[in-house]
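The following exercises are each accompanied by a worked solution. Please consult the sequence and the coordinates while working through the steps.

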Amino acid sequence: EKPFIFVGGGCVIAGADKEVRELAHRIQAPVCDTLMGKGTFPGEDPLYTGMVGMHGTKASDLGVTECDLLIVLGARFSDRVTGNTKTFAHNAKILQIDVDAAEINKNIRVDASLVGDLKKTLTELNACLSKQEHPEWMAHIMELKEKYPLKYDDENLSCPYIMQEIDRVTNGEAIITTDVGQHQMLVSQYAAITEKKKLIMSGGL
């Protein structure tokens, strides 16, 4: 009744963006991502809630906490995402899909798992799934997005404003590269990364 999709860097490596989008819209589930999962799911899609974890949005963090099924695609459950592993997604059954069997149950115990290439696995999974709708759950998620947006002081020149202006001026078709630091987090939070606007970063903090 309350599915949530959590996308990691494995989706980028597998080139599974089309398959992830199909899954999300087929089962009508909101989508959050990690720093390394950026670009898999369009930042302007209504189902997108932003990054999850320490540098994430409140909508993503609350959504993961409140969901009853967390579908984890190519993510390693880093401490930047989970915080306290004992309470992470404690209301949900967790399905983890990853190409690397060593990642299954490594940091978080899951209820079910699939080991395989994400693009191939999701292609087969999508073919088995019927169209679903979760209107009450989606209404709640949209309410969270509206209630807890990323915001900043727009009276003065600020880093978030600069990031949003870069995002606007590049018209969704730029390749953005970052070093490591606060600007890296701000780009991830305030630039709507899409298929045409790629984000390249080391992943370090």
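On a 1 Å grid over the protein atoms alone, a pocket is an open set of points with protein on both sides within 12 Å along at least five of seven lines, and a lining residue has an atom within 4 Å of a point. Grid points are joined across faces, edges and corners, and a volume is the space filled by probe spheres set on the points. The model is predicted: local features need pLDDT of at least 70 and side-chain atom pairs count only at pLDDT 80 or more, whereas totals for chains, interfaces and linings use all residues. Residues are numbered from 1 along each chain as its sequence is written, and side-chain values use heavy atoms, with hydrogens and water left out.

**Exercise 1. Characterise the second largest pocket and its lining.**

Step 1. The volume of the second largest pocket is about 470 Å³.

Step 2. Its lining comprises 25 residues, and those nearest the centre are Y48, T49, T57, L150 and Q189.

Step 3. Assign the lining to helices (DSSP runs of H or I, at least four residues) and strands (DSSP runs of E, at least two), both numbered from the N terminus. At least two lining residues come from each of strand 3, helix 7 and helix 8; strand 3 contributes the most, with four.

Step 4. Ala, Val, Leu, Ile, Met, Phe, Trp, Tyr, Cys and Pro count as nonpolar, Asp, Glu, Lys and Arg as charged, and the others, Gly among them, as polar. On this basis the lining has eleven nonpolar, nine polar and five charged residues.

**Exercise 2. Describe the largest pocket in the same terms.**

Step 1. The largest pocket holds about 610 Å³ of space. Of its 31 lining residues, G9, T34, M36, R76 and S78 are the closest to the centre.

Step 2. Helix 1 (9-14) and helix 4 (79-82) are the elements that give two or more residues to this lining, and the largest share, four residues, belongs to helix 1.

Step 3. The classes here number 15 nonpolar, nine polar and seven charged residues.

**Exercise 3. Determine the strand order of the sheet and the place of strand 1 in it.**

Step 1. Two strands pair if DSSP finds at least two bridges between them. Six strands form an open sheet with parallel pairing, in the order 3-2-1-4-5-6.

Step 2. Strand 3 (48-51) and strand 6 (112-115) are at the edges with a single partner strand each, so one side of each has no neighbour in the sheet.

Step 3. Strand 1 pairs with strand 4 (residues 69-73) over five bridges, and I5 stands opposite I71. With strand 2 (residues 31-33) there are three bridges; here I5 faces V31 and V7 faces D33.

Step 4. Buried means under 20% relative accessible area with a 1.4 Å probe, protein chains only. Five of the five residues of strand 1 (residues 3-7) are buried, so the strand is largely enclosed by the rest of the structure. P3, I5 and V7 point one way, and F4 and F6 the other.

**Exercise 4. Locate Y190 and list what it touches.**

Step 1. Y190 is found in helix 8 and is buried, with a relative accessible area of 10%.

Step 2. Contact means heavy atoms within 4.5 Å. Leaving aside residues up to four places away in sequence, Y190 touches L150, K151, Y152, P160, M163, Q164 and D167.

Step 3. The C-alpha atoms of Y190 and V7 are 18 Å apart in space, with their positions 183 residues apart in sequence taken as the separation.

Conventions
Buried means under 20% relative accessible area, exposed over 50%, partly exposed in between (1.4 Å probe, protein chains only). On a 1 Å grid over the protein atoms alone, a cavity is a set of points where a 1.4 Å probe fits but cannot get out, and a pocket is an open set with protein on both sides within 12 Å along at least five of seven lines; lining residues have an atom within 4 Å of a point.
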